[in-house]
Amino acid sequence: MDRSNLNSQLEHLQSKYVGTGHADTSKYEWGVNQARDSYASYIGHYPMLSYFALAENESIARVKFNITEKMLQPCGPPPERRD
Amino acid sequence: MADDISAQIKAEQEKRAEDSATQREDTRVSLAGSGGYDQDIYGSGGKHDGYLTSLPMDDEEEEDPLAQKINQKKLATYTAPKEAYAHLQSVEDDVDPFAGRIESHRIADREDDYHKRRTNRVLSPSRQDPFAQDKGEAGSEARSYAEVMREAELEREQQKVMQKIAEKKKEAQKTTGQDAPPPPTPSGRKRRWDVATPVVAPAGTSAWNEPDDHVAAPTNRWEETPKAEVRKRNRWDETPVASSTTSWDATPRASGVTETPTAKRSRWDETPVAPSGMFGATPMGAGLGMVTPNLAVPMTPEAMNAQRWEHEIDMRNRPLTDEDLDAIFPTAGYVILKQPASYQPIRTPGRKLTATPTPYAGNGFMMQDENLKQNYGFAPSELEVPGGGNLPFFKQEDMQHFGKLLDEKDESAMSAEDIKERKIMRLLLKIKNGTPPMRKAALRTITDKARDFGAGPLFNQILPLLMSPTLEDQERHLLVKVIDRILYKLDDLVRPFVHKILVVIEPLLIDEDYYARVEGREIISNLSKAAGLATMIATMRPDIDHADEYVRNTTARAFSVVASALGIPALLPFLKAVCNSKKSWQARHTGIKIVQQIAILLGCAILPHLKNLVDAIAKGLEDEQQKVRTITSLAIAALAEAAHPYGIESFDSVLQPLWSGIKKHRGKGLAAFLKAIGYIIPLMDAEYANYYTKEVMPILIREFQSPDEEMKKIVLKVVKQCAGTDGVTPQYIKDEILPEFFKNFWVRRMALDRRNYKQLVETTVELAQKVGVTEIVSRIVDDLKDESEPYRKMVMETIEKVVSQLGAADVDGRLEEVLIDGILYAFQEQTVEDIVMLNGFGTVVNALGFRSKAYLPQITSTILWRLNNKSAKVRQQAADLISRIAVVMKTCGEEKLMGHLGLVLFEYLGEEYPEVLGSILGALKAIVNVIGMSSMTPPIKDLLPRLTPILKNRHEKVQENNIDLVGRIADRGAEFVSAREWMRVCFELLDMLKAHKKGIRRAAVNTFGYIAKAIGPQDVLATLLNNLKVQERQNRVCTTVAIAIVAETCAPFTVLPALMNEYRVPELNVQNGVLKSLAWVFEYIGEMGKDYIYAVTPLLEDALMDRDLVHRQTACTTVKHMSLGVVGLGCEDALLHLLNYVWPNIFETSPHVINAVMDAIEGLSVALGPGTIIQYVVQGLFHPARKVREIYWKIYNNMYIGAQDGVIPYYPAIENDAVNSFERSELYYIV
């Protein structure tokens, strides 16, 4: 087992998941991943949805819809690319 | 009946008593009386009795034969006979007796004639890439598709003409009434024998120059009319077998090309590119050169040497000129005479050709490169290649390709092209000859820079290397790897070189080595992905109807790989066109073969395209060419096999032609058609299968009698397939098939050929599935007493398979008797002890179960008799048989018999052959397992002390069986043996921990656990802890496992104090051993670990802070197991504490350590939850130093993958900024 091989195996495995990061991950990217993960998690846990619906005084379906909509650019537009 | 059998046994025993020739005298044991112990184990005399105190070192001490015989009689150990020693003495020391027998690693040396045909292919000039932006890229000599096709056409034309000439010659011979054998089949330039260039008689010595009447006649068929000298003109026409029998009968593999040719050596055995083959013998090289002038024939250094010598000899033997003569002779006293008027100089071209060798045909004169370093007979073991580092070796053959590197020219003065070339060369040399790290680095460089180097320069160097006749397996593997890597990088740049690469890689597809085939497939599949379908088709199209069958065969296989890489649909239109080609039958043949190969390669993946594939080849069944019809049916068979059990509807279109085909054809063609039918029938539904089977069966039955081996195999296969289908009724098989089947196939001759044998057994077993055991077994059971042993074996194997699959329930009493009788006969009559007989015996007895009770006494007496046989193999087999039938004996209630057997086996524990001893131990184990510890005879307390010394035996089989037996006793009957004896066993077991076989090590470790349970852990533990001090790593590792097992079986609190105390020993190995043991302990005890965490935490603290890497690594492993064991058991405080010690280690770089640290953190994040870990991780995710960020993100990723959902509430809150809102406000809701 040599060093690079071992690391690269692990990194390869990690890179299969969208939400993973690397040394050059920006605050925006991380934030977006967090937000999307959170929304996905809310949708997956029905009690959370009903709790939010209660708090927002909306129907559960509406909350769910809103959350789903927010998945697209959850944190607003991406920062300007500086090359 | 019982009386009958006992009488029989008695008679048998009496008979044997008379004939005791096969029995051992000294160690025979009576069942009742006291057993004689093995003298040399128990030592009745002195230790050295019967041994010579020294080995006789020379011939004079030869004793007289009589004395030798006496000595031999009481041989104490088994050694080589004296004669062998004497012989060894007489042989000189440094002679390697195997020198001539070492298998050559060269690929060329192990190829048969067919595979050697690859050397006849040439690396054709590059092709134009029609897709390329600028056309001149591949060089001006690049050819277009049209040119290549024209050339192929020409070649075929040429071959046709050659064939016509040959036919004419034949005709002419016939008319002259001469029955000379036919001339060798001409096939253009592709065959070695019949090169169309005028053939030169060899100048050097070879088998051809041996004085026989062929050589005496200088005429050959090139110059003469058929009338002249009829008798002697046969030299070239004759099949060469007549000329020198010995060399022809020799094995086809050529003796090493580098060897100096011996007198016996025939140049027919040599590859055409081999030195003597090139110069003088067969002018193949010249022929090649003429066909494609721009090819530089690769020359091996030997070839160059040979050429140099030849040149020198020629210079010396050249005709003397007038000046020379003037210089030699005195000027006075000599007169120059005029030649007589009748003198005619030789004009006939044939004789001229045979008279003077023309060694340079095609190659021309070559200046010796002065800068080339020559190794004058030395083989430099290590060579400094400028800029290349030290290579471990540099072979003479490498000089030809890499000689340039050694010329020590100044690179700064060279052109960019040259520098590039040298760079590639250096990298290739490193890859070929370098050490693994060098190789790796070079491979990476060449891959990274592939596009800079360009496809041309790379392939122009790699491909000739692959064509080299001195290529070895390893080198080929490495070079193929290089191609594979650079293919990815070069992508579409490879297009002009596709054909060249194929020429080199295609032979791999039919290599005998499986891995070579896989490698070849991989390359071609990558190549087709890089070059694209259009290029592949355009490149390989001309080869599809190539004149040489070899080329067509390899091309078909390559095409199937292309199909698997790019998908069948992409290739289908092309395949359809080729399979229906009107131009030549070769093209159709190859097209259909491609389909066959696709079916074989892709298996069930063809199903979506089955209909298309079948339709594409369907017409081939009615082709006018026999070969096309045959390959079509084979292809259909392959398709049906791949599609099984689906897709019958796709074969509708071919059923009819196949059907009429089997009625029309005979011989080989029929065989192929039958095969196709045989594979299609299993796809049909029951009704159709039944119908078709009935239809095909008369033909099959007719062919049962066919003497053709191939036909026999196919018929057997088809019968098997038909019998396996649902629609065929048992009654039908019984009535129609079985009588003929047994009459024709169950004959002795079938047992002689291995493949027939196998096929016949398989088919018979398949028939038995339908018609039942009795029907089959009763027909062959009498043959168990046949006089031919291989036949008996075949019968036995069939019975074994049938009975093991179907049981013996419907075997009636009469058959049962005959069966056992036959098996006993076959078992006793074997001259070669075979596993088949043993298996058969065991299977049948086990299948009969309780019903075999009546025969057990007889079987036992046979076993007892054979246990005392002279031959070790017989004894071994007898012991093995006991272990097979032990269970049945118990079922039959024959405990007493088993007790006897146990006793006898016990007496034989002094056995000298390890294989036999292993079997005897195995038999004892089987008996102990069955009758239990308490009722075992001999009693366990006697048995175990006898086993302890055998633990010292180094033989694997003995070790394995013995440790199993001892472990069994320790597990079930430890109380029968004193604690002191068990401790003795423990000491012996320590050595077993370093056994090579894992099974032995595992059994030893488990035995430690049993023993510790039996006699308490203290003493065992002391032994094991002491063993941690040994040097050998494996031994220590196994000891730690044993400690852990002891801890598991005796509860950890009995072990942990002593173990932790041992950590205070100031010795690295011991401390690491303790840590490792802890790791195992916590792995094994799982959640029991919650009681012990607090106890070991201080120790782990210390270990995690140790300077030694291994300490920290092992401690991390322990933490991992610990934390995984106590998830949710309320030990978070201790784990968090440990995490603080683990965390500083995250920046370790040693792979094992960092791995262990990551594992520990992963384990802890399971036990502590992701919330804790993310608190730690957040600190470093955006650290200014990249190195820190990298490792923190890695930990984050690991944690994230494990707990994506769980980490959501714990993400740190990120403040919104002007543009983006990162707040996840939902989580702030409070109702």
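**Group meeting: a walk through a two-chain model**

Let me begin with a single residue, B:Q805, which lies in helix 36 of chain B, the helix that runs over residues 789-806. Please keep in mind throughout that what we are looking at is a predicted model. Is B:Q805 buried or exposed? The answer falls in between, because B:Q805 has 13 other C-beta atoms within 10 Å, and a residue is called exposed at 12 or fewer and buried at 20 or more, so B:Q805 counts as partly exposed. If you look for B:Q769, which is 36 residues apart from B:Q805 along the chain, you will find that the C-alpha atoms of the two are separated by 8.2 Å.

Now let me step back to the whole of chain B. Chain B has 1231 residues, of which 38% count as buried, and its secondary structure comprises 56 helices and two strands. When we take the contacts in chain B between residues at least 6 apart in sequence, 73% of them join residues at least 24 apart.

Chain A has 83 residues, and buried residues make up 19% of them. Its secondary structure comes to four helices and zero strands, which, read along the sequence, gives the pattern α-α-α-α. For chain A, among the contacts between residues at least 6 apart in sequence, 47% join residues at least 24 apart.

Let me turn to one helix in some detail, namely helix 39 of chain B, residues 856-867. Its twelve residues, at 1.5 Å a residue, should span 16 Å, and the end C-alpha atoms are indeed 16 Å apart, which agrees. Which residues of helix 39 of chain B are buried? They are B:I859, B:T860, B:T862, B:I863, B:R866 and B:L867. Seen down the axis of helix 39, these buried residues fall within an arc of 160°, so they line one face of the helix. As for what covers them, it includes helix 37 (813-829), helix 40 (872-891) and helix 41 (895-907) of chain B.

Next, the nonpolar cores. The largest of them has 270 residues, and those with the most contacts inside it are B:L639 and B:V1046. The largest share of this core, eleven residues, comes from helix 28 of chain B, residues 626-643. Leaving aside residues up to four places away in sequence, B:L639 touches B:A599, B:I606, B:L610, B:L613 and B:V614. There is also a second, separate core of eight residues, and among them are A:A35, A:Y39, A:F52 and A:V63.

How do the two chains meet? Here 23 residues of chain B are in contact with 28 residues of chain A. On the side of chain B that touches chain A, helix 54 (1151-1168) and helix 56 (1186-1202) each supply at least two residues, and helix 56 gives the most, with eight residues. By class, this side of chain B has twelve nonpolar, five polar and six charged residues.

Finally, a word on confidence. The model scores ipTM 0.94 and pTM 0.63, while chain B averages a pLDDT of 80, with 76% of the residues scoring at least 70. Over residues 56-77 of chain B the pLDDT stays under 50, and for this stretch the model has twelve contacts beyond four places in sequence. The pLDDT is also below 50 over residues 269-298 of chain B, a stretch that has 88 contacts in the model beyond near neighbours in sequence. Where pLDDT is low, predicted coordinates should not be read in detail.

Key. Residues are numbered from 1 along each chain as its sequence is written. Chains are lettered from A and ligands numbered from 1 in the order in which they are written. This is a predicted model: local features need pLDDT of at least 70, side-chain atom pairs count only at pLDDT 80 or more; totals for chains, interfaces and linings use all residues. The expected span of a helix is 1.5 Å times one less than its number of residues. The arc is that of the directions from the helix axis to the C-beta atoms. Two residues are in contact if their C-beta atoms, placed from the backbone, lie within 7 Å. Ala, Val, Leu, Ile, Met, Phe, Trp, Tyr, Cys and Pro count as nonpolar, Asp, Glu, Lys and Arg as charged, and the others, Gly among them, as polar. A nonpolar core is a set of buried Ala, Val, Leu, Ile, Met, Phe, Trp, Tyr and Cys residues joined through C-beta atoms within 7 Å. pLDDT is the predictor's confidence in each residue, from 0 to 100.
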